[in-house]
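Thanks for coming. I have one structure to go through today, and I will keep it short. Let me put it up on the screen.

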There are 2 protein chains.
Amino acid sequence: MALVTTLPLTDVTECCAPLTRETLSAHNAEKLAKTLKALADPARLRLVSMVAAHDDAEACVCDLTEPLGLGQPTVSHHLKVLVDAGILTREKRGTWAYYRLVPGALDSLASLLVTA
Amino acid sequence: MALVTTLPLTDVTECCAPLTRETLSAHNAEKLAKTLKALADPARLRLVSMVAAHDDAEACVCDLTEPLGLGQPTVSHHLKVLVDAGILTREKRGTWAYYRLVPGALDSLASLLVTA
DNA sequence: GTACTATATCGATGAATGTCAATATAAGCA
DNA sequence: TGCTTATATTGACATTCATCGATATAGTAC
């Protein structure tokens, strides 16, 4: 159960052929939908975007709260969703928690959507 | 208003740079999230997959209901969501409604996620 | 130890959503 | 006209979810 939440995107990435290649099984559809749902929120899309564009390609919660215009608990919640989905990583250094893009995560996801 | 629902994906496609290229505006995040939400459902992912894999790359509701295991009104609902998102097209021929992938729709979406 | 800061978690609430049964619409055919 | 089939729409219900305020945890400095 712990593994399911720590390695979901990697799993999705290798789970199935591109969407339009062959019919998706119910099980794989469930897994892919979970990952897409993690991204399918305006606040989370902006978080991913802001983290990627930030200096050193990492950002702490304090960097993100104000420009996002949402409360700290809400931002922490969204970041957790993205980490659980395998899109971001979290590293705690001192008092701060730094978030980074998981290399290749978005690309793998994109490759599942592509038709060619 | 009618245009907003008939051309949303095209709009999204041309709206913004890839997610990780520059920080997404609140407005563009909203639009991209809407499109991703349309895909972020297991039933709809399977519908897209089944339509693409079907003979002649098109399928009517009656082809999809039974393999999906959902009721006809539910399937019609999901298909409408996908059409409104610009991912599928609907063409009525006689009694039947045929659904097809919008060429390039998924690819455009994928190109917004890619980091390279 | 206390005080302060950064972050995470909890609990509640309102909004959005997936599903179904029932009904409506529309097209084809006797 | 009526009958049948395919699809869409409506209304209801249960569930999920985004957000917030309050609180808990953890780390740093004094």
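To start with a detail: which kind of oxygen of DNA strand D does a polar side-chain atom of A:D41 lie 3.5 Å from? It is a sugar or linking oxygen. Before going further, I should say that this is a predicted model.

Staying with strand D, a second residue of chain A to look at is A:T74. A polar side-chain atom of A:T74 lies 3.0 Å from a phosphate oxygen of DNA strand D. From chain B, the side chain of B:R90 places an N or O atom 2.2 Å from a phosphate oxygen of that strand. As for the elements, those giving two or more residues to the surface near DNA strand D are α6 of chain A, and α5 (61-68), α6 and β3 (96-101) of chain B.

In total, 23 residues surround DNA strand D, and the nearest are A:H78, B:Q72, B:S76, B:R90 and B:Y99. Of the strand D atoms that come within 4 Å of the protein, 71% belong to sugar and phosphate. By residue class, the surface near strand D has nine nonpolar, nine polar and five charged residues.

Now strand C. There are 23 residues around DNA strand C, with A:Q72, A:S76, A:R90, A:Y99 and B:H78 coming nearest. Sugar and phosphate make up 69% of the strand C atoms within 4 Å of the protein. This surface also divides into nine nonpolar, nine polar and five charged residues.

Three contacts to strand C are worth showing. What does the side chain of A:Q72 approach on DNA strand C? An N or O atom of that side chain is 2.6 Å from a base nitrogen. The side chain of B:H78, in turn, has an N or O atom 2.2 Å from a phosphate oxygen of strand C. A:A97 uses its backbone: an N or O atom there lies 3.4 Å from a phosphate oxygen of strand C. The elements contributing two or more residues to the surface near strand C are α5 (61-68), α6 (72-84) and β3 (96-101) of chain A, plus α6 (72-84) of chain B.

Last, how the protein copies are arranged. A turn of 180° with a shift of 0.0 Å along the axis lays chain A on chain B, with an RMSD of 0.0 Å. The two copies are therefore related as by a two-fold rotation axis. Within chain A, the residue closest to that axis is A:A110, whose C-alpha is at 2.2 Å. And 100% of the interface residues of chain A are also interface residues in chain B, so the copies meet through the same surface.

That is what I had.

How values were computed. Residues are numbered from 1 along each chain as its sequence is written. Chains are lettered from A and ligands numbered from 1 in the order in which they are written. This is a predicted model: local features need pLDDT of at least 70, side-chain atom pairs count only at pLDDT 80 or more; totals for chains, interfaces and linings use all residues. Side-chain values use heavy atoms; hydrogens and water are left out. Copies are superposed by least squares on the C-alpha atoms of residues with pLDDT of at least 70 in both. Contact means heavy atoms within 4.5 Å. A residue is near a molecule or strand if one of its heavy atoms lies within 4 Å of it. A polar contact is a pair of N or O atoms within 3.5 Å; within protein, one must be able to donate a hydrogen and the other to accept it, and residues adjacent in sequence count only if both atoms are side-chain atoms. Helices (H or I, at least four residues) and strands (E, at least two) are DSSP runs, numbered from the N terminus. Ala, Val, Leu, Ile, Met, Phe, Trp, Tyr, Cys and Pro count as nonpolar, Asp, Glu, Lys and Arg as charged, and the others, Gly among them, as polar.
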